[in-house]
Amino acid sequence: MIYDDALQNSNRIIDVGIITIVPSEVEALFGAFSITREKYEPAGSPLQYWRTSYQSSSSGRPLSVVVCILGGEAGNIEAAIATTQFLQDWYPRLMCLVGIAAGIKNKIKIGDVVMPNKVHDRSIKVYKNGNFAVRGRTYSRNDTIDRMLKVSPLSHKEFLTTLLQTSKEDIRRAKVVAKSKRLIPTGFDTKPHVMDGSIASDNVLIRDSAYFQSILSATDEKCRGAEMEAAGFVLACQKEKFDFPWVIFRGIADFGDSSKDDAFQLLAAKSACAALRIFIQLSLSIDALPPNPRAILASTTLDASLIGE
C-alpha cells in the first residue's frame, strides 16, 4: 500500500503545467499540442486534465506536459483556485497561462502576443471620496526564465512559421474585419509578433480604452494590455513557492473599445499557443529550473518505500 501510494505520487511529477480558459483558447491549445479532447487524464480531481509529451530541443528531451481547462467564468479568483488545485494534483517545474487579452493601442497590435515579465495586479481597490482607487501589486517573473530568454530569445521566424501552419485562414478573415474597422495598419498586421513588457490584471471586462491611461501614466509605460486571470494565477504559484517559475502568453484580441470583435479571438489564441510552443521547443531549458518541492518529497518517499520492500 505504501509503495502504491508513493508510485502514484511519483506519477504526478511533470515538467510543464498549462492552464487556459475560454473556448477559443481551448481549441487553439489542443490544436497546438495535438491533444484529443476525449482522452483526458483521470486524476480524482474537480478539474479535468489532459497529459501529453512535447519535444524540446533546448531541453534536450521530450517534456511531460499536463493541460487544464478552467471551466466557467473567467476571473482572478477562479484562476487562483484552479492553479492551486493544479499544483496539488501535479508537481510541475514550470506553470504556464495561455490565452487572450485586450491590448493597448500603439503599444501592440491585434494578433500580436505579449509575454510579460511583470504582472500588475489591479484587483485590490480602495473606495475613497466617491471613487475606487487601485491599490496595486506587481509580480515579477522568475530570474531563471529571464536569463533563458536572454540566451535563447523567441525566434520571430519560427513563431511566424508555426502560426501560419494553422492560421492562414484565420489571418485572412481577421484582415477583412480589421479593414472594415479601419485597424490597418496601426492596429493589425498579417505578420504578428511576440513582444515583451508587462500586463495588467483586473476583475474588469474592458469596454473603454480610457481604462489604460492610468496604467501607462502611473504604473508602467511598457504595459501592453490587460486581462482577468494572470494575477490570480501568479499569486497561486507564489503561494506554492515564492519564486515558483511561471510564464504567460497573451494574444491580443481587441483594444478594449468599440472596435472589439470576437472575430479576432481565435487568431489571438492561436498566436499565443504558437508562441508557447516555440518557447517550449527552442528556449526552455527545463532542467535549469529547480524541481518542484512536492516532486522532491514524492521521489524521496518512493525511494524509501522501495528500500522497505
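How many positive and negative side chains does the protein have, and how far apart do the centres of the two sets lie? The predicted model has 37 positive and 34 negative side chains, with 7 Å between the two centres.

**Figure 1. Overall fold of the predicted model.** The protein contains nine helices and 13 strands. Its C-alpha atoms fill a box of roughly 70 × 50 × 35 Å along the principal axes. The radius of gyration is 20 Å, which agrees with the value near 19 Å for a compact globule of 309 residues. Among contacts between residues at least 6 apart in sequence, 79% join residues at least 24 apart.

**Figure 2. Surface and burial.** The protein exposes about 14600 Å², and carbon and sulfur atoms supply 52% of this area. Of the 309 residues, 51% count as buried.

**Figure 3. The largest nonpolar core.** This core has 83 residues, of which Ile18, Phe249, Phe279 and Leu284 touch the most other members. Helix α8, residues 265–283, gives the most to this core, with eleven residues. In soluble globular proteins, nonpolar side chains tend to be buried together.

**Figure 4. Surroundings of Leu284.** Leaving out residues up to four places away in sequence, Leu284 touches Leu63, Leu94, Leu289, Val16, Met148 and Phe279. Leu284 also touches three serines: Ser56, Ser58 and Ser59. Two of the residues in this view, Leu284 and Phe279, are among those that touch the most other members of the largest nonpolar core.

**Figure 5. A second nonpolar core.** This core is separate from the largest one and has nine residues, including Ala102, Ile104, Phe212 and Ala226.

How values were computed. Residues are numbered from 1 along each chain as its sequence is written. This is a predicted model: local features need pLDDT of at least 70, side-chain atom pairs count only at pLDDT 80 or more; totals for chains, interfaces and linings use all residues. Side-chain values use heavy atoms; hydrogens and water are left out. Helices (H or I, at least four residues) and strands (E, at least two) are DSSP runs, numbered from the N terminus. The radius of gyration is taken over C-alpha atoms; the globule rule is 2.2 Å times the number of residues to the power 0.38. Buried means under 20% relative accessible area, exposed over 50%, partly exposed in between (1.4 Å probe, protein chains only). Contact means heavy atoms within 4.5 Å. Accessible areas come from the Shrake-Rupley method with a 1.4 Å probe; for residues, only the protein chains shown count as cover. Lys and Arg count as positive and Asp and Glu as negative; His and the chain ends are not counted. The place of a charge is taken as NZ of Lys, CZ of Arg, CG of Asp or CD of Glu. A nonpolar core is a set of buried Ala, Val, Leu, Ile, Met, Phe, Trp, Tyr and Cys residues joined through side-chain atoms within 4.5 Å.
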